[in-house]
Every structure is written in C-alpha cells, then in structure tokens.
Amino acid sequence: MKDRPRPVPDLHTEPYWSGLLSEALRVQACEHCDVRVHPSRPCCPTCLNTNLSWVEVSGSGVVTGYCIVSQPFVAGFVTPYVVVRVSLIDALGVELIANFTGSATAAIAIGARVHVVFDEIDDNVVLANFKLETNAA
Amino acid sequence: MNATQELGGTAIIGFGATEITRQPDDTIGSYAVRAVRAALESAGLDKDEVDGYVGAPGLASYATNHWDGADEVSAEYMVSSLGLRPRWSVDTSGLVLGMVAAARGALLTGACQYVVGVRALYYRSGAKYSSVSSREIGGSEQFTLPYGYGPGGARHAQWLSRYNALNGATREELFAIVKAGHEHARLNPRAYWRNSTLTLDEYLESRWVVEPLCLYDCDIPVTGAAAFIMTTTSLARTRDVPFATVTSMSNGFHPRTALDDAGLTHRDIGVCQLYDGFACFPYFWYEALGFCAEGAAHRFIQDGAIELGGRIPTNTFGGSLGEGRLHGIGHLHEAYLQVTDQAGPRQVVNVEHGLVQVGAPDRSWVAVISRGV
C-alpha cells in the first residue's frame, strides 16, 4: 500500500480529493448547461463555460467495463485486482475508474449495480472505490 | 475527385525497414538511419533531393532512458545525422498516419517536394516494460493510476469486457485475429513471430496480462525502424519506381469519411491493415467501416474471412501481433507493398485500394492507399 501511486491534486482537482477525505463523492456541474463533468476539466465540453461548480452525487452506479490486472505493472498493488468503470446513475455521462472491493473477483459483471466505498490509503488520501450494491432492485 | 486529388494528390514512392529484434546490438539512431537509407534506395532518390522530414518520436521506448539517438529519435537528431537541410520538418505526436497527414499538407501546399518519414521503436530484453513506480501522479492520470489502471491495455481490456458481454463474444472468436496475425507473420521474414505455430489451446492456456486480454492478445515490444518517402503524385509519375497514392484520410472520429472522400465503399477495399496493438481493436473498425453490422465483428472474422484468400485479408504482414510492435509503420508499409504489387508470397491479387488504420479506437487515423498510376 505504501508504494502505491498517490494523486497530486491541482487547482482543478483539489475539491474532488478533499471531498473524498470527508466521504463526499463530488463531480463538476456546468453552471450554464448543467452537464456533469469528470475528470475535472478547465471548461464544460458542451458549452465551453468555465464556471463549473462541485455537486455531491449519491455514489450509486452501474459497471460498464471491467478488467482484472494480472501482471504487476503498478507498484504497491497485489495482483490480480479488479478495476471497474462505473457510470454514475445521477451524473449522466460521468464514468469513474475505481477498484472493485468487498467481493470475489468472479462477482463482477457488466451491468452490476455498485455503490461507492471510501478507502483510506493514508492520512491524506482517500480513494473512491466500488462494491456490489446490497439492496439492488 | 476529392479536394486532395484536385490539388494533385500525394504518393509514397519508397519504403525501407530494418530487421526486428528484442536483442538490439545498436542504438535506435542506427536503426533509424538504416531504414532511411533503405527507403531512399527503394525510391531511387538521392538524399540531397530530400527537403522535408516528419517523425513521431514519442513512446519509442517505455522502459528505458529517453535519450535522443540512443532509445528514441527526434527530428533534430535525424536531420543532423542524415546531413539534411530541410525546407520543412516536424515531429508529430506518435501516430504514423499523423505523420502522413502532416507530410500530405506540406506537399500539397508546396512547402517541400520530397519528405522522408521515420518511425523507430526501441526495446531491450530485460527492460521493465510499461511499469509504473512513481509515487506521485498529477494531471489526468491522478484519476486512474492510483487505482492501478493504465499500463498493459487496461482501457482496452475494459472495452473488450463490455463488447464480449453485450455481444456474446468469446475468446475462441478473438483468436481468429491473433491466428491471422501469426499465420501471416510466417510469410514475412522480418516478423518477430515468423516461425510461430500458435494453436488455439496454447492461446487459451497463455497467462492473462489484463483479463480479458491474454499474453498473445498484446503485441510484443521490439526494436526496429521503418521509413517512407512521400512526394506529390505528379512528381511520383516522373520517377521510375512503383508508387502508392495517399488517396484520402480522415480522423478516426469519422472513419467512413476516408472511404467517402475516395468515392469508395468497403467493398472496393482489397486488403486492410488495422492497428492491432491489442487483438480486440479490429472489432471496432470492421463495424465502424461497414464491413459488418455493429456487434457482429466477432462472427464476421471467423472461418478465415480475414486471412489471405478470405473475404477481406487483414494485416497480411502479421500486424503488430505477428510482426512486432512498430506502432503502425508496419501497417503503412504493408499497404504500400500490397498496392504496388511488392508483397511477395503474401501478395493479394489485383489490389487497387488498401485501407490503413492506425491507433486505438478512440485516437486514430484512417487512410485509403491506392495503386499509383
């Protein structure tokens, strides 16, 4: 864990990472056309408005892609591990990359309903990961 | 006649390439220079006639030192090594067809008359390819690398996981692409896998790299270089060498524009060179270019359809999966060889138009390369 790569927040991304420290998953919202934007960008890709605010989302999502990394490419990771692509249900068009936790690797599937979990890497970094949603309809 | 043809069009009049190896005995600069010498010879061109240079020095080597001339080559390095005084030169950002697009613009605007284009890759056995040991990640990758996501084709493995789930595609079906690459490599003396006899069982039993991509679904990193000579079509006609025209090009966001601008459909294409850094990439293009319906590529490629003699012979030199990872210069080279009738034992009969695509599905170029007349 201690060797894992850490995010280095910048002016655009600091609110995302500080949000995770207080267990709030936030994405950007265009103040002009209300499009949701992530990863954070200097402007809204739809209307080029540069006034983007941060809104909290529920953390519920659907798995739209996954992979199981078996070769130890990245320091600090124990292989195999699952990386999911999650489409957030209340932030149209936003997809997050995250690790899949709390279940056997075999439980992952396209279309699976998942919910965010906040994994503390150290005192300064919390990552948004996802686990199977327990009360999926 | 499309806008480019009205301007007179551009052509590839020569191509040269080095051997491909994982045990390089020399610098990348040496490989690149040898490729240029072979290209000049192929075009029957004196180096003093070269007045343009285009390169793509990026990502030549993931795991070594990024030393100009030692493991990657810049325009400055090549221009000075070759003793050129170009009227036009540029380094582009990595895709071989981006080099062609740049050269085409320079030639059609009269900035220069003969462009040499160089792509060289460097890999040394034992180098830790694609590994990440940095502890601090800024920029876009701060949202991916902290999750161990990035190297080894993770993005493409995720794409394939979705493709497989939505379309009921299987590994046995994907093997058709890997098999075609290895079969065709046996007809290409330069190919890394020229002696391969890969079977379905060996493929299915190979280790995962990033599931659902296994070892043989990933192209093999190699050292090697290739170079081409481009000029205007009217100048090409004055030289006593076979040539290929760059008939049309479009960004991968508009794949069929290249066909439309050439006044062609997929049925007019005799041979395809589709970038296969990961085996799943061609799925996207058979569908995007209209060779088959969306979601049907995994079935379309079965029963030898993409092998020599099949409906649309693809990656007839072996592709990156069979020849080695030269980031698309091998694909362009083969398109030139096929339409100029120089592909030897793997020549497809009567090819007037070839299609070349280079890059991952979300970052790509498409070109129609045709027999020059």
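This note goes through the contact between the two chains, the strands of each, the domains of chain B and one of its helices, all in a predicted model.

1. Contact between the chains. Where chain B meets chain A, 32 residues of chain B are in contact with 29 residues of chain A. On the chain B side, the elements that give two or more residues are β5 (136-137), α5 (154-167) and β6, and among these α5(B) gives the most, with 7 residues. The composition of this side of chain B is 15 nonpolar, 12 polar and 5 charged residues.

2. Parallel pairing across the interface. Strand β1 of chain A, residues 6-7, is joined to β5(B) by 2 bridges, and the two strands run parallel. Within this pairing, Pro7(A) is found opposite Ile137(B), so that a reader who wishes to locate the pairing in the model can begin from these two residues.

3. Antiparallel pairing across the interface. A further link between the chains is made by strand β5 of chain A (residues 60-69) and strand β6 of chain B (residues 208-211), which run antiparallel and are joined by 2 bridges. Here Ile68(A) stands opposite Glu211(B).

4. The hairpin in chain B. Strand β6(B), which pairs with β5 of chain A, is also joined by 2 bridges to strand β7 of chain B (residues 213-214), in the antiparallel sense. The connection from β6(B) to β7(B) is a hairpin through 1 residue, and the bridge partner of Trp208(B) in β7(B) is Cys214(B).

5. The sheet in chain A. Chain A contains an open sheet of 3 strands in the order β3-β2-β4, with antiparallel pairing. The edges are formed by β3 (36-37) and β4 (52-56), each of which pairs on one side only. Strand β2 of chain A, residues 26-30, pairs with β4(A) over 5 bridges, and one of the residue pairs here is Gln28(A) with Trp54(A).

6. Domains of chain B. Chain B is divided into domain 1, made of 3-127 and 221-244, and domain 2, made of 145-218 and 249-371. Their C-alpha centres are 23 Å apart, and 23 residues of domain 1 are in contact with 26 residues of domain 2. On the domain 1 side, two or more residues each come from β1 (10-17), α4 (96-108), β4 (115-121) and β8 (224-232) of chain B, with α4(B) giving the most, 6 residues. The residues on that side of domain 1 divide into 18 nonpolar, 2 polar and 3 charged.

7. Helix α6 of chain B. This helix covers residues 171-185, and its 15 residues reach 21 Å from the first C-alpha to the last, close to the 21 Å expected at 1.5 Å a residue. Even so, α6(B) has a kink of about 25°, centred on Ile177(B).

8. Surroundings of the helix. Is α6(B) largely enclosed or not, and how many of its residues are buried? Of the 15 residues of α6(B), 12 are buried, and the helix is therefore largely enclosed by the rest of the structure. The buried residues include Ile177(B), the centre of the kink, as well as Lys179(B), His182(B), Glu183(B) and His184(B). The elements of chain B against which the buried residues of α6(B) pack are α7 (200-205), α10 (281-288) and α12 (319-322).

Technical notes
Residues are numbered from 1 along each chain as its sequence is written. Chains are lettered from A and ligands numbered from 1 in the order in which they are written. This is a predicted model: local features need pLDDT of at least 70, side-chain atom pairs count only at pLDDT 80 or more; totals for chains, interfaces and linings use all residues. Two strands pair if DSSP finds at least two bridges between them. Helices (H or I, at least four residues) and strands (E, at least two) are DSSP runs, numbered from the N terminus. Domain bounds come from an automatic or database domain assignment. Two residues are in contact if their C-beta atoms, placed from the backbone, lie within 7 Å. Ala, Val, Leu, Ile, Met, Phe, Trp, Tyr, Cys and Pro count as nonpolar, Asp, Glu, Lys and Arg as charged, and the others, Gly among them, as polar. The expected span of a helix is 1.5 Å times one less than its number of residues. The bend at a residue is the angle between axes fitted to the seven residues ending there and the seven starting there. A residue is buried if 20 or more other C-beta atoms lie within 10 Å of its own, exposed if 12 or fewer, and partly exposed in between; C-beta atoms are placed from the backbone.
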